[in-house]
Amino acid sequence: MPVAASAVYFLNLRGDVLINRLYRDDVGGNMVDAFRTHIMQTKELGTCPVRQIGGCSFFYMRISNVYIVIVVSSNANVACAFKFVVEAVALFKSYFGGAFDEDAIRNNFVLIYELLDEIMDFGYPQNLSPEILKLYITQEGVRSPFSSKPTDKPVPNATLQVTGAVGWRREGLVYKKNEVFLDIVESVNLLMSSKGSVLRCDVTGKILMKCFLSGMPDLKLGLNDKIGLEKESQLKSRPTKSGKTIELDDVTFHQCVNLTRFNSEKTVSFVPPDGEFELMKYRITEGVNLPFRVLPTIKELGRTRMEVNVKVKSVFGAKMFALGVVIKIPVPKQTAKTSFQVTSGRAKYNASIDCLVWKKFPGQTEPTLSAEVELISTIAEKKSWTRPPIQMEFQVPMFTASGLRVRFLKVWEKSGYNTVEWVRYITKAGSYEIRC
């Protein structure tokens, strides 16, 4: 496995070393001089975050008024190195009360050295969880006077938390009411032709959870994904009544998910962290249910007039509704005057973005917009207007474009308490564009 870092340097904007830590002996302590000379003084900081100088690779990132520089001399895992920097900064902020800048580093030298010794060993990242590190590194950082975040109190059983299989959840949690909130949030990315044919379409989704459960519960989540249902029917030796099934692509899980059980049973089993977290992310490329279809017609009548007609069809069920629906229809920069006729909603011309903005119309209708646009005649060279795509914004509660559904959410805990589960679906526009 490639290393992530041979040395880590923290520099201010002048290039002065605030603090550094050497993890391996394959780079010299003066390698930061090469970074200062070849990158900082040549003003090439914004061009590329990865540079090679004299047989060494430099990965750097600016956070506030501090540059964090990682140096390696061998083959390195670049993604792991940058992930380490992001997680380390989050860890420092949790100790410093939310601040991370030059002053915070100068005020917390001893604490930073102690943390750097714990979070990386011989160039390989270790545990960077603030909740766990605060169990046995109990020194409090010098907090910024502008910080209002309370300092987390350490809890007992540090050894169990660090070495146990469930490092993301502490023992002894007790709630009066045991509740689980699950949100499936999807973003639809679409490129559609002016005639209504889909040129490109996919859905990116994530499952967000908020758990307020006592003890050490074990949760099992069942979805209507094709592979999981097929595996369940094999284990039960009978077909499963499931309705529509979907195929999930590019699935990534939170560290709490039991991957061994997922690979064997295709069910999402996990001991959840306390509070809010992202359980999983996924992508869908086939069988996408589009909540809206937009049919535009734009005619250019000579050099000084345009006619715009747009029809919108909502495809979701009659009992559902959409929120925050906005359609942005591009017009040329030399637009002088506009007049509208809409069957519902309101429309206006926004000169700052060169668009007709149409919003606030109800669902389960097929509203239309008709507009006449008058243009300023110019004597500049005759260039045909390159029509940008129409853009749409919306949010549809209790609807998923992928068709993903929660079949069951089971909570088991040895004390056998009752739980209340809440499930919510939300679909919103990502890059929802229609050519005109």
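Met398 is partly exposed, with a relative accessible area of 41%. That makes a handy way into this model, which is a predicted one. Met398 sits in the loop that links strand E21 (390-397) to strand E22 (406-412). Its backbone is a bit unusual to look at: phi of Met398 is near 55 degrees, a positive value in a residue other than glycine. Phe122 tells a similar story elsewhere in the chain, since phi of Phe122 is also near 55 degrees and this residue, too, is something other than glycine. The loop in this case runs between strand E6 (120-121) and strand E7 (124-125). Phe122 is partly exposed, at a relative accessible area of 46%.

Stepping back to the whole protein, there are eight helices and 23 strands to find. Of the 436 residues, 43% are buried. Among contacts with a separation of 6 or more, 69% come from residues 24 or more positions apart.

Now for the sheets. Strands of a sheet pair through backbone hydrogen bonds, in either a parallel or an antiparallel way. One open sheet has five strands, and reading across it gives the order E2-E1-E5-E4-E3, with antiparallel pairing. Its edges are strand E2 (17-22) and strand E3 (50-53), each of which pairs on one side only. On average, and with direction ignored, neighbouring strands in this sheet are turned by 20 degrees against each other. Looking closer at the E2 end, strand E1 (residues 7-12) pairs with E2 in the antiparallel sense over five bridges. One residue to follow by eye is Val8, whose bridge partner in E2 is Arg21. A helix belongs in this picture as well: helix H4 (residues 109-119) lies across E1 and E2, and runs at about 25 degrees to E2.

The loop of Met398 leads into strand E22, and E22 belongs to an open sheet of three strands. The order there is E12-E10-E22, again with antiparallel pairing. Strand E12 (268-270) and E22 stand at the edges with a single partner strand each, so one side of each has no neighbour in the sheet. Here the neighbouring strands are turned by 10 degrees against each other on average, direction ignored. Strand E10 (residues 218-223) and E22 pair in the antiparallel sense, and six bridges hold that pairing on paper. Asp218 is a good place to start tracing them, as its bridge partner in E22 is Trp412.

Aromatic rings come next, and there are 16 aromatic pairs in the model. One of them joins Phe253 and Phe262 edge-to-face, with 4.8 Å centre to centre and 65 degrees between the planes. The two residues fall on opposite sides of the 20% cut-off for burial: Phe253 is partly exposed because its relative accessible area is 23%, whereas Phe262 counts as buried at 18%. In another pair, Phe270 and Phe277, the ring centres are 6.5 Å apart and the planes are at 70 degrees, so this pair is edge-to-face as well. Phe270 counts as buried, at 1% relative accessibility, and Phe277 is buried too, at 9%. Rings also gather in a group: Phe292, Phe316, Phe394, Phe399 and Tyr432 form one aromatic cluster.

Charges meet rings in a couple of spots. The charged end of Lys134 sits over the ring of Tyr95, at 5.4 Å from the ring centre. Likewise, the charged end of Arg405 sits over the ring of Tyr425, where the distance to the centre is 4.6 Å.

Finally, the cysteines. The disulfide count comes to zero. Cys211 shows how this plays out: the closest cysteine sulfur, in Cys256, is 8.4 Å from the sulfur of Cys211, so the two are too far apart for a bond. Cys211 is buried, with a relative accessible area of 0%. Cys201 also counts as buried, because its relative accessibility is 18%.

Notes. Residues numbered from 1 in each chain as written. Predicted model: local features only at pLDDT ≥ 70, side-chain atom pairs only at ≥ 80, totals over all residues. Heavy atoms only, no water. Disulfide = S-S within 2.5 Å. Buried < 20%, exposed > 50% of the residue type's maximum accessible area, 1.4 Å probe, protein only. Phe/Tyr/Trp six-rings, centres within 6.5 Å; stacked < 30°, edge-to-face > 60°. Lys NZ or Arg CZ within 6 Å of the ring centre and 35° of its normal. Pairing = 2+ DSSP bridges. Helix = DSSP H or I, 4+ residues; strand = E, 2+ residues; numbered from the N terminus. Axes fitted to C-alpha atoms, helices over the stretch in contact; angles between N-to-C directions. Contact = heavy atoms within 4.5 Å.
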